[in-house]
Amino acid sequence: MDAVVPVESGTQRIVPAVLVPSPATRSLIEAKQPTLPIGFLLGQLEIEAGWNETPSGYLAFGSTYAEEQRRAEAEGWPVATLDGRHLHMLIDPERVASEIIALIRS
């Protein structure tokens with residue numbers, strides 16, 4: 001399939017300001033955002049047996065992925081939540097990195 005995911009331009013923003021408030025960061029993300037083939041969104045990953053036996057953790061940004069967070073907790077993974085949105089690692093990278101390090105150490 002040769003179709004690609006359309007890239008918005010002009011007055012429409014690819015990255016909404018509500019997700020990335022900084023205009024400079026938003027512009028950088030938009031400039032580097034690749035065009036993806038539609039197949040990328042339609043594909044499925046092959047998951048190997050035993051993947052969940054690898055030490056893991058889960059860092060949630062708000063409650064958007066609450067079901068995934070519950071699954072991580074059910075697997076016994078250390079879980080942490082930051083008050084943030086989908087792209088929070090671009091808004092507060094130092095805090096996100098600190099939380100990831102804390103999860104690794106727990």
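Visitor: Along β2, which side chains point to one face and are buried, and which point to the other and are not?

Guide: In this predicted model, Ala80 and Leu82 of β2 point to one face and are buried, whereas Val79 and Thr81 point to the other face and are not buried. In a regular strand the side chains alternate between the two faces of the sheet.

Visitor: What makes the side chains of β1 comparable, and are they buried or exposed?

Guide: Strand β1 covers residues 58–61; Tyr58 and Ala60 point one way from the strand, and Leu59 and Phe61 point the other way. All of these residues are buried.

Visitor: How do you know that β1 and β2 pair?

Guide: Pairing requires at least two bridges between the strands. There are 4 bridges joining β1 to β2, residues 79–82, so the two strands count as paired. They run parallel, and Leu59 has Ala80 as its bridge partner in β2.

Visitor: Through which helix does the chain cross from β1 to β2?

Guide: The path goes through helix α3, residues 66–74, and this β-α-β crossover is right-handed. The pattern of the protein chain as a whole is α-α-β-α-β-α-α, with 5 helices and 2 strands.

Visitor: Why is His88 called buried?

Guide: A residue is buried when its relative accessible area is under 20%. His88 has a value of 10%, and therefore it counts as buried. His88 is found in helix α4, residues 88–91.

Visitor: With which residues is His88 in contact, leaving aside its neighbours within four places in sequence?

Guide: The contacts of His88 beyond those neighbours are Phe61, Leu82, Asp83 and Val96. Of these, Phe61 belongs to β1 and Leu82 to β2. His88 and Val20 are 68 residues apart in sequence, and their C-alpha atoms are 7.8 Å apart in space.

Visitor: Why does Gly84 count as buried?

Guide: The relative accessibility of Gly84 is 17%, which is under the 20% limit, so Gly84 counts as buried. Gly84 is found in the loop between β2 and α4. Apart from its neighbours within four places in sequence, Gly84 is in contact with Phe61 and Gly62. The C-alpha atoms of Gly84 and Gly62 are separated by 5.1 Å, although the two residues are 22 apart along the chain.

Visitor: How many residues of each class are in the lining of the largest pocket?

Guide: The lining has 4 nonpolar, 2 polar and 1 charged residues. Val15, Ile29, Lys32, Gln33, Pro34, His86 and Leu87 line this pocket. Lys counts as charged, so Lys32 is the charged residue of the lining. About 210 Å³ of space lies in the pocket.

Visitor: What percentage of the residues of the protein chain count as buried?

Guide: Of its 106 residues, 19% count as buried. Among contacts with a separation of 6 or more, 43% are between residues 24 or more positions apart.

Terms used:
Residues are numbered from 1 along each chain as its sequence is written. This is a predicted model: local features need pLDDT of at least 70, side-chain atom pairs count only at pLDDT 80 or more; totals for chains, interfaces and linings use all residues. Side-chain values use heavy atoms; hydrogens and water are left out. On a 1 Å grid over the protein atoms alone, a cavity is a set of points where a 1.4 Å probe fits but cannot get out, and a pocket is an open set with protein on both sides within 12 Å along at least five of seven lines; lining residues have an atom within 4 Å of a point. Grid points are joined across faces, edges and corners, and a volume is the space filled by probe spheres set on the points. Buried means under 20% relative accessible area, exposed over 50%, partly exposed in between (1.4 Å probe, protein chains only). A crossover is right-handed if, with the strands pointing away from the viewer, the path from the first strand over the helix to the second runs clockwise. Contact means heavy atoms within 4.5 Å.
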